[in-house]
Amino acid sequence: MTAVDVLVIGGGPAGLESAYSLANNGYDVAVLEKEKNICGHLNQAHSLFPNFQNASEVRSAMIDKMTHPKISIHNDTEAIRIKRDIDKWGVETGSGKEFMAPALLLATGFKSFDPKYKEELGYGIYDNVITTTQFEAMCQKGSIVSPHGQKVKRIAFLNCVGSRDEKVGNHYCSRVCCINAVKQSIEAKKVLPEADIYCFYMDIRMAGQFYEELYRKSQEVYNVNYIRGRISEVSPTIDKRLHVKCEDTLSQTPMKITFDILVLMTGIEASLGTVALGQQLNISGEYNFAKSLSLHMADNYSSHKGLFLAGTCKRPLTLPEAVADARSAAGEIKNYLKTLKQ
Amino acid sequence: MKFHPFVIPFIAGVVFLLILIVFRLKQWLKGLDRKQHFFVKQNFLSLKTLYAIVEVFRESLLHFKIYRKNPVLGYMHMSLAFGWFMLIVFGKVKSVLYAGSFFEPMWLSIFFNFFVTSNEPYPYAAVMTFLMDFFLLIVLSGLLIAFVKRIYSRLVGMKKTTKHILIDRIALVALWGIFPLRLFAEASSSALYENGGFLTAGVAQMFSENFASIVELPLWWAYSLSLSIFFFTLPFSRYMHIPAEVVMIFLKKWGVKTNEHHSGFTNIQLHACAKCGICIDACQLDFAASQKNVQSAYFIGDARYNKLTEDVVNNCLMCGRCHEACPVGIELTMIRQQYRNKKEMPGKLYYNYVDLNGYHANVDIIYYAGCMTHLTPGIIISMKKIFQAAGMSYWFMDEEKGVCCGRPLRQQGFVQQAKDLVHKNLRMIHGANAKLLVTSCPICYVSFKEEYALQIPLMHHTEFIESLIDDKKISLESKAITAVYHDPCELGRNAQIYDAPRNVLKHLNLKTSKCEKNNGLCCGSSLSNAVLDLDHQIKVRDNALNVLLEKNPDVLVTACPMCKKAFTHGHKVAVMDIAEVVAKHLNEVKTKKQLSEKPEMITFAK
Amino acid sequence: MTNWGFHIAKSRIIDMDTADLGVYRKVAAKVPSAKLCLMCGACTASCTARNHTPFNLRKNHLLFRHGQFKGLAKEFDKCMLCGKCRLVCPRGVNTRALIYNMRMALDNLNYTRIKK
Ligand code: SF4
Ligand code: SF4
Ligand code: SF4
Ligand code: SF4
Ligand code: SF4
C-alpha cells in the first residue's frame with residue numbers, strides 16, 4: 001500500500017504536468033502509467049503543430065520535471081479498480097499494487113480511432129493505406145517510402161476518419177486532425193520536395209493561433225493541394241498503388257486519382273482506460289469521454305468529491321490545451337486538499 | 001313441425017352469410033389471372049382436391065401449425081373451430097336420428113333442446129347428449145382462453161395482440177355470446193324438460209323451475225340473435241378468414257402461386273389472415289426498433305380495408321421472418337412486394353447510358369462482387385486469393401464499371417427499371433462464355449436466381465467455396481477459433497442456403513446461436529427498407545448482435561457485405577465474411593503449388 | 001425582342017425569392033436525415049450509376065433543395081437505387097429514401113396504386 005497526497009492515473013502530458021505542479025506545491029504525488037514509458041502519445045510525435053517544435057524537446061523537458069523528489073512514477077502500472085473510502089481514494093492496479101490518496105486525478109487520455117472499421121478505405125487490406133501515427137513515424141525516420149518499394153510521387157491525406165462519422169458512431173470533430181494534416185503535409189514536402197500532396201477535407205478547421213497561417217503557408221510555400229470532398233472508396237491498381245474515389249465537390253465533378261500512400265487522419269476517441277474507469281466511476285458521458293461537473297464553471301471536477309479530471313479524457317484537446325487544463329486541475333486539487341486540512 | 005319465431009334471426013343470418021360467401025367466392029375466383037385459372041381447372045378433379053380436404057381438416061379445424069408454434073394458442077383455435085364443427089356435425093346426426101330423415105328443418109339441430117324434451121325418445125339419445133355437452137365444454141374452454149388472451153395476452157405467450165375495428169368487435173362479442181348463451185338456454189330447457197347432459201343438466205341445478213320458465217325463451221332468443229349477428233357481421237369482419245383460408249388451401253393445393261401481380265389470389269390471402277398476431281411477435285421492427293403498425297398483420301389489415309399508406313408498405317425489411325412464422329401460410333413478402341410495384345411504362349428505357357462494349361472473355365468463372373462488396377474490399381481480395389488457390393481463371397465482371405443487379409430497384413417497386421438492368425447484365429454474362437457465375441452478395445444471388453434466365457450455373461461464394469473444398473481444390477487448416485455464423489436474410493430464408501456455410505466453417509469451432517437458419521435475425525441494413533433511418537437500423541442490428549454473441553465467439557462470420565458492414569459498425573466483435581475466413585485459413589502449401597500451374601487473374605479493360 | 005441577355009442571366013442564378021422551396025420541405029419531413037447532408041460528395045464518388053454517366057446525387061439534391069427542378073426527374077431516373085451512397089455517407093443521410101421521395105415528388109405519372 002502506497003499512501004500519497006495525490007494519485008494521478010495516466011502518465012501523458014496532462015498527468016505529468018499536473019503532477020509537477022502539485023509536487024512544486026509540496027504534495028506527494030504518485031503517477032500510474034500503464035505503458036512502459038511516460039509521455040503518452042507524445043512518444044509517437046515527431047514534430048508539433050503549429051510551430052514544428054521537435055517533440056523530443058518537449059518530451060525531455062517533461063521527463064526532467066519528473067525527477068522532482070515529491071513525484072513517484074509507476075510504469076507498467078494499470079489502474080484496474082478504484083475504491084472510495086471516506087475522504088480517501090484507493091486504487092488497485094493490474095500488477096497487484098495498491099495506492100491510496102485523498103485526491104485522485106483522472107488523466108487517462110485518448111486513443112486513435114481504429115480505421116479498420118472503415119473497411120472501404122482499405123486500412124489493413126492495402127499496405128500503403130496508413131494512419132497519421134504511422135506517417136509521423138516515417139517523418140521521424142526521415143524516410144517516406146511505399147511498402148512496395150515504388151518511389152513516392154503522390155501522397156493523400158484524408159481528414160475526418162472516425163470523426164464526424166455517424167456510421168462509426170462518432171458525431172464529433174476531433175479538432176486536431178485538420179491542423180495535423182497541414183503539418184504533416186508540410187513535413188512530407190520537406191522529406192519529398194518532388195512529391196504531390198493532396199489533402200481531402202469536408203471542412204478545414206483552423207481555429208488556433210497560427211493555424212490559418214500554417215494552412216496558408218502550406219499552399220504558398222509547399223504547394224499542398226486541398227480538395228473539398230470525402231474519399232469514399234479505395235481500390236488497388238495493377239501496380240499496387242491506390243485508386244482513390246471522391247467528388248471534387250467545388251467543381252461538382254467526381255475525381256479519380258492514384259496515390260502511392262494514403263494517410264488516414266484518424267480521430268480522437270476515449271482511451272480504453274477512460275472508458276473502463278469512467279464506467280466504473282459512473283462519470284462516462286457522451287462517446288464515453290469522462291464528464292466534468294460543469295463545462296463552464298467546474299471543468300476539472302467530477303461528480304465525486306476528491307476526483308478530478310484533466311486533459312483529453314474529457315474531450316479532444318490539442319497539446320497546449322491539455323497541458324493548460326492539467327495546470328488548472330492541479331490548482332483545483334490544491335484548494336481541495338487545503339479544505340480537507342481545515 | 002317444430003318451429004318458433006326465435007329461429008327466424010338465425011335463418012336470416014345463415015341465408016345472408018351463404019349468399020355473401022358465394023358472391024365473394026365468385027369475385028375472388030374471377031380475379032385470378034390466366035395462369036392461376038389454368039391451375040384451378042387442371043387440378044380441380046384430381047387427387048390434389050383430396051389432399052386439400054385433409055389439409056383443411058388439419059389447418060382450418062385442428063390448427064396443427066398454430067399448435068406447433070404456440071400450444072396454448074393452438075388449443076384455443078382448435079377448441080373453437082373443431083369443437084364448433086363437431087357440435088354442428090353431431091347436432092345434425094342427433095336431429096337426423098330423432099327425425100328419422102335427413103331432411104329435417106335445418107334449425108332443428110341448432111335449437112334441438114328447446115324442441116325435443118326427454119319425453120320423446122330417439123336412438124342413442126344418451127350418447128348424443130353426452131357428446132354434445134362434451135364438445136360444448138371444449139368450445140367453452142377455448143373461449144375462456146380467448147377471453148384471457150384479450151385481457152392478458154402474455155398469459156398465452158403472446159407479446160402482441162392485434163387491434164380490432166368496430167365490426168370485428170361486434171362479431172367478436174356475438175361470437176363470444178353464442179356458446180355461453182347456448183349453455184344457459186339448454187340448461188334452462190334441461191331444468192324444465194330434463195333433456196340435458198352432464199354439463200347442461202349440471203348448470204340446470206342452479207335454476208329453479210320457476211326461474212327457468214321465465215328465462216328460457218329470452219335465452220333462446222338471445223342465442224339465436226347472437227348467431228344471427230355473428231353471421232351478418234362475419235363477411236365484413238376478420239372472421240372471414242375462416243372461409244377464405246379454406247379457399248386458399250384448395251387453391252394452393254391446386255398449384256396456384258402468388259406472383260408479382262396483385263390478383264384475386266392476393267385478395268383471398270388478405271382475407272385469410274386470422275389476425276392472430278404471430279407475425280408481429282416475429283418482427284424485429286416491432287420488438288427491436290419500436291416501429292408500430294407496419295407489421296404484416298397491420299399491413300394485411302390495411303390492405304384489406306383499402307387504408308394502406310406508402311409508409312406502411314415500404315417500412316419493412318422484407319426479412320421474411322413473418323412469412324416464416326405465419327401459421328396460415330400467407331405469402332406475406334410477395335404480397336407486400338405487389339403493393340410496392342409501380343406501374344410499368346411500356347417502351348421506356350432508363351439505363352441507356354450504360355455502355356456494354358468490350359466486356360467479355362473466355363474464362364472458367366465470372367465473378368460478380370456486387371455494388372456493396374466494393375465497400376468491403378476484404379471480401380474481394382479474399383475471393384481473388386481463393387480463385388488463384390483453386391487455379392481457376394475468372395473475369396471480374398463489375399470490377400471497374402459494374403451495373404447493379406436490379407434487386408434493390410425491384411424491391412422498391414421499380415420493376416421496369418430493374419428489368420432494364422437485368423437485360424444489361426445478362427448480355428454481359430452470356431457474352432463471357434464462362435462455365436459458372438459466382439457472386440459475393442446474397443442480394444445479387446437471389447436476383448440472378450429469380451429474375452435472370454441464366455444459361456450458366458450460379459453460385460453464391462459460400463456454395464462455391466464448399467464445392468472447392470468438396471473437390472479438394474482447396475483445403476483449410478483447422479483453427480481453435482470459436483465462431484458463430486449469421487444467416488443473412490437473403491441467403492437464408494430467401495435462397496435456403498443454410499448448410500453450405502456451415503460445411504465450410506467446419507475447420508473452426510462453430511457454435512450455434514438461438515436464432516439461426518430460418519429463424520435468423522436481420523442485421524437491420526436490409527436494402528428493402530428505404531424508410532428506416534440509421535438510428536433504428538442500429539437498434540435492429542444491436543438486437544441481432546446481442547443474440548448472436550450470447551456464446552462469446554471470437555469471430556462472427558457472415559456471408560453478406562451488408563451484414564458485415566452493419567455488424568462491424570456495432571464495435572462488439574471481430575466480423576468476417578466467410579470468404580475472408582477461408583482465404584485466411586487456406587492451406588498454404590497447396591496454394592503455392594497450384595498457383596504456379598495456372599495463369600494469374602485476367603483483367604479486362606474496355 | 002431582344003431579351004437575350006436577360007435569359008442568360010436568369011438561367012445562371014438561383015433565385016431563391018421565387019423558387020418553390022416547399023417541395024423540399026415536404027421531402028425533408030419524410031426523410032429528416034436529408035437535412036443533415038454536409039455536401040461532402042462521398043455519395044457521388046461511390047455511385048454505381050456515376051461510373052457510367054454524369055449523375056451527381058449531392059448536386060442534384062442541392063438543386064432540389066433550392067427548388068431548381070428542371071431536368072431533375074430525368075437525372076434521378078439514372079439512379080439504380082443500389083444503396084452504396086447510403087453506406088458511405090458520414091452524416092447518416094438515408095440517401096435511398098431521399099432519392100425515392102424526390103423522385104416521387106417530381107413524378108406526375110401517378111406511379112403507385114396506393115394512397116400517399
Ligand atoms: S479537425 Fe478536421 S479532420 Fe479532424 S475531425 Fe475536425 S474537421 Fe475532421
Ligand atoms: S399474417 Fe399470418 S401470422 Fe400475421 S396475423 Fe395474419 S395469420 Fe397471423
Ligand atoms: S418481413 Fe420482416 S420486417 Fe417486414 S413485417 Fe415481416 S418480420 Fe417485419
Ligand atoms: S443508390 Fe443511386 S445514387 Fe446511390 S450509389 Fe446507387 S446508383 Fe448512385
Ligand atoms: S455522402 Fe451524405 S453527407 Fe455526403 S454529400 Fe452525400 S448525402 Fe451528403
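**Ligand shells, cavities and buried elements**

I began with the shell around ligand 2 and sorted its residues by class: nine are nonpolar, one is polar and one is charged. The model I am working from is predicted. I then listed the residues that surround ligand 2, and every entry carries the chain letter B: B:Cys273, B:Ala274, B:Lys275, B:Cys276, B:Gly277, B:Cys279, B:Ala297, B:Cys326, B:Pro327, B:Val328 and B:Leu332. Lys275 of chain B is the charged member, since Lys counts as charged.

**Ligand 3**

I looked up ligand 3 next. Its surroundings include the cysteines B:Cys283, B:Cys316, B:Cys319 and B:Cys322. Also among them are B:Leu285, B:Ser296, B:Leu317, B:Met318 and B:Gly320, together with B:Arg321 and B:Arg336. By class I recorded seven nonpolar, two polar and two charged residues for the shell around ligand 3.

**Ligand 5**

For ligand 5 I turned to chain C. The residues around this ligand include C:Cys37, C:Cys40, C:Cys43 and C:Cys89. I also noted C:Leu38, C:Met39, C:Gly41, C:Ala42, C:Arg58, C:Pro90, C:Val93 and C:Thr95 in the shell around ligand 5. The class division there is nine nonpolar, two polar and one charged.

**Largest cavity**

How many cavities of 30 Å³ or more does the structure hold? I found 14. The largest has a volume of about 220 Å³. Its lining comprises 19 residues, and those closest to the centre are A:Lys167, B:Ser525, B:Leu534, B:Gln537 and C:Leu87.

I then asked which helices each supply at least two residues of this lining. They are H27 (534–548) and H28 (561–568) of chain B, together with H6 (84–88) of chain C. H27(B) gives the largest share, four residues. By class I entered seven nonpolar, six polar and six charged residues for the lining of the largest cavity.

**Second largest cavity**

The second largest cavity holds about 160 Å³ of space. I counted 18 lining residues for this cavity, with B:Ile443, B:Cys489, B:Glu490, B:Ser526 and B:Leu527 closest to the centre. In chain B, helix H25 (490–494) and H28 each contribute at least two residues to this lining. I also checked domains: domain 2 (250–338) and domain 4 (475–584) of chain B each provide at least three lining residues. The class division of the second lining is twelve nonpolar, five polar and one charged.

**Helix H28(B)**

H28(B) had appeared in the lining of the largest cavity and in that of the second largest, and I therefore looked at its burial: eight of its eight residues are buried, so the helix is largely enclosed by the rest of the structure. The buried residues include B:Lys564 and B:Lys565, alongside B:Pro561, B:Met562, B:Cys563, B:Ala566, B:Phe567 and B:Thr568.

**Strand S19(A)**

Last, I examined strand S19 (residues 261–266) of chain A. Is this strand mostly covered or uncovered? It is mostly covered, with six of its six residues buried. I noted that both faces are covered: A:Ile261, A:Val263 and A:Met265 lie on one side, and A:Leu262, A:Leu264 and A:Thr266 on the other.

I then traced two partners of S19(A). Strand S12 (residues 129–131) of chain A pairs with S19(A) in the parallel sense over three bridges, and A:Val129 stands opposite A:Leu262. Strand S13 (residues 154–161) of chain A also pairs with S19(A) in the parallel sense, over five bridges. There I recorded A:Thr266 as the bridge partner of A:Val161.

Definitions and conventions: Residues are numbered from 1 along each chain as its sequence is written. Chains are lettered from A and ligands numbered from 1 in the order in which they are written. This is a predicted model: local features need pLDDT of at least 70, side-chain atom pairs count only at pLDDT 80 or more; totals for chains, interfaces and linings use all residues. Side-chain values use heavy atoms; hydrogens and water are left out. On a 1 Å grid over the protein atoms alone, a cavity is a set of points where a 1.4 Å probe fits but cannot get out, and a pocket is an open set with protein on both sides within 12 Å along at least five of seven lines; lining residues have an atom within 4 Å of a point. Grid points are joined across faces, edges and corners, and a volume is the space filled by probe spheres set on the points. Domain bounds come from an automatic or database domain assignment. A residue is near a molecule or strand if one of its heavy atoms lies within 4 Å of it. Buried means under 20% relative accessible area, exposed over 50%, partly exposed in between (1.4 Å probe, protein chains only). Two strands pair if DSSP finds at least two bridges between them.
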